Amino acid sequence: MRRVADPLFYLRAIIFVSILGLLVLPLGADAINAIARPVVGARGDCRVLSVVDGDTVSLWCSGRAPERARLTGFDAPELFSPQCVSEFIAAQQATWALRAMIFRAQNLSVTRAGTDRYDRALISITLDGQAVSRKMITAGHARSYQGGHRAGWC
């Protein structure tokens, strides 16, 4: 009975559930997108396995190993190396916005445009006939980006 009255017990439970939610919820959402949303690319059937951040996805195309792919035409806040708390929050929002856009789309297509300096595939994704770059910029989750120096988000 002492355990029920201990505030640390509840704090630990809240922390545990929060961490579990931060890990399980994105994995579940990505799994649903990967299973339910095939993408027709220039080289055959592809799937977005996961959304890494607001401008990067993990992509699998038949006959190829899974690979990281950088979405072209826009720049989203950095999720893994944010410069401030507001950038981290904006990165979370951009990541979830991209997941939701992919989930809601009926038709998806991928166009490859080479690789970047980190050896990621450069791709553009079209959702229901609209470029995902335009949708992300219009929604306020990204800025137009055509290469070169990127502005900060803080």
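Reader: To start with the rings, how many aromatic pairs does the structure hold?

Author: The structure, which is a predicted model, holds one aromatic pair. The partners are Phe9 and Tyr10, whose ring centres lie 5.3 Å apart with the planes at 80°, so the pair is edge-to-face.

Reader: Why does 80° make the pair of Phe9 and Tyr10 edge-to-face?

Author: The two quantities to look at are these: a pair of aromatic rings is described by the distance of the centres and the angle of the planes. Planes over 60 degrees apart count as edge-to-face, and the planes of Phe9 and Tyr10 stand at 80°.

Reader: And how exposed are Phe9 and Tyr10?

Author: Phe9 is partly exposed, with a relative accessible area of 31%, and Tyr10 also counts as partly exposed, at 40% relative accessibility.

Reader: Okay, new topic: how much space lies in the largest pocket?

Author: The largest pocket holds about 530 Å³ of space. Its lining is made of 22 residues, and those closest to the centre are Arg70, Asp116, Tyr118, Arg120 and Arg150.

Reader: What kinds of residues are in that lining, nonpolar, polar or charged?

Author: In the lining of the largest pocket there are nine charged residues, seven polar ones and six nonpolar ones. Strand S2, covering 44–53, and strand S4, covering 67–71, each supply at least two residues of this lining, and the largest share, three residues, comes from S4.

Reader: You listed Arg70 by the centre, so where is Arg70 found, and is it buried or exposed?

Author: Arg70 is found in strand S4, and Arg70 is buried, because its relative accessible area is 7% and buried means under 20%. If you look for a residue from another part of the chain, Thr115 is 45 residues away from Arg70 along the chain, and the C-alpha atoms of the two are separated by 8.5 Å.

Reader: What about Arg64, where does that one sit?

Author: Arg64 is in the loop between strand S3 (56–61) and S4, and Arg64 is partly exposed, with a relative accessible area of 31%. Between the C-alpha atoms of Arg64 and Leu49, which are 15 residues apart along the chain, the separation is 13 Å.

Reader: Back to pockets, what lines the second largest one?

Author: The second largest pocket has about 290 Å³ of space and is lined by 16 residues, with Leu22, Pro26, Leu79, Thr95 and Arg99 lying nearest its centre. By type, the lining divides into nine nonpolar, four polar and three charged residues.

Reader: Which element gives the most to that lining?

Author: H2 gives the most to the lining of the second largest pocket, with six residues. Helix H2 (7–36), S2 and helix H3 (85–104) each supply at least two residues there.

Reader: Tell me about H3 then, how far does it reach from end to end?

Author: H3 has 20 residues and reaches 29 Å from its first C-alpha to its last, which is close to the 28 Å expected at 1.5 Å a residue.

Reader: Which residues in H3 are buried?

Author: The buried residues in H3 are Glu87, Ala91, Ala94, Thr95, Ala97, Leu98, Arg99, Met101 and Ile102. When you read such a list, it helps to recall that an α-helix has 3.6 residues a turn, so residues three or four places apart point the same way.

Reader: How many disulfides does the count come to?

Author: The count comes to one disulfide, and it joins Cys84 to Cys154 with an S to S distance of 2.1 Å. Cys84 lies in the loop between strand S5 (73–75) and H3, while Cys154 lies in the segment after strand S9 (143–145), so the pair ties together parts that are 70 residues apart in sequence.

Reader: Which of the two cysteines is exposed?

Author: Cys154 is exposed, with a relative accessible area of 61%, whereas Cys84 is partly exposed, at 22%.

Reader: Last one: where is Asp119, and what is its phi?

Author: Asp119 is in the loop between strand S6 (108–115) and strand S7 (121–127), and its phi is near 65°, a positive value in a residue other than glycine. Asp119 is exposed, with a relative accessible area of 62%. Asp128 has a positive phi too, near 50°, and Asp128 is placed in the loop between S7 and strand S8 (130–131).

Technical notes:
Residues are numbered from 1 along each chain as its sequence is written. This is a predicted model: local features need pLDDT of at least 70, side-chain atom pairs count only at pLDDT 80 or more; totals for chains, interfaces and linings use all residues. Side-chain values use heavy atoms; hydrogens and water are left out. On a 1 Å grid over the protein atoms alone, a cavity is a set of points where a 1.4 Å probe fits but cannot get out, and a pocket is an open set with protein on both sides within 12 Å along at least five of seven lines; lining residues have an atom within 4 Å of a point. Grid points are joined across faces, edges and corners, and a volume is the space filled by probe spheres set on the points. Helices (H or I, at least four residues) and strands (E, at least two) are DSSP runs, numbered from the N terminus. Ala, Val, Leu, Ile, Met, Phe, Trp, Tyr, Cys and Pro count as nonpolar, Asp, Glu, Lys and Arg as charged, and the others, Gly among them, as polar. A disulfide is a pair of cysteine sulfur atoms within 2.5 Å. Buried means under 20% relative accessible area, exposed over 50%, partly exposed in between (1.4 Å probe, protein chains only). The expected span of a helix is 1.5 Å times one less than its number of residues. Rings of Phe, Tyr and Trp (its six-membered ring) pair if their centres lie within 6.5 Å; planes under 30 degrees apart count as stacked, over 60 as edge-to-face and the rest as tilted.
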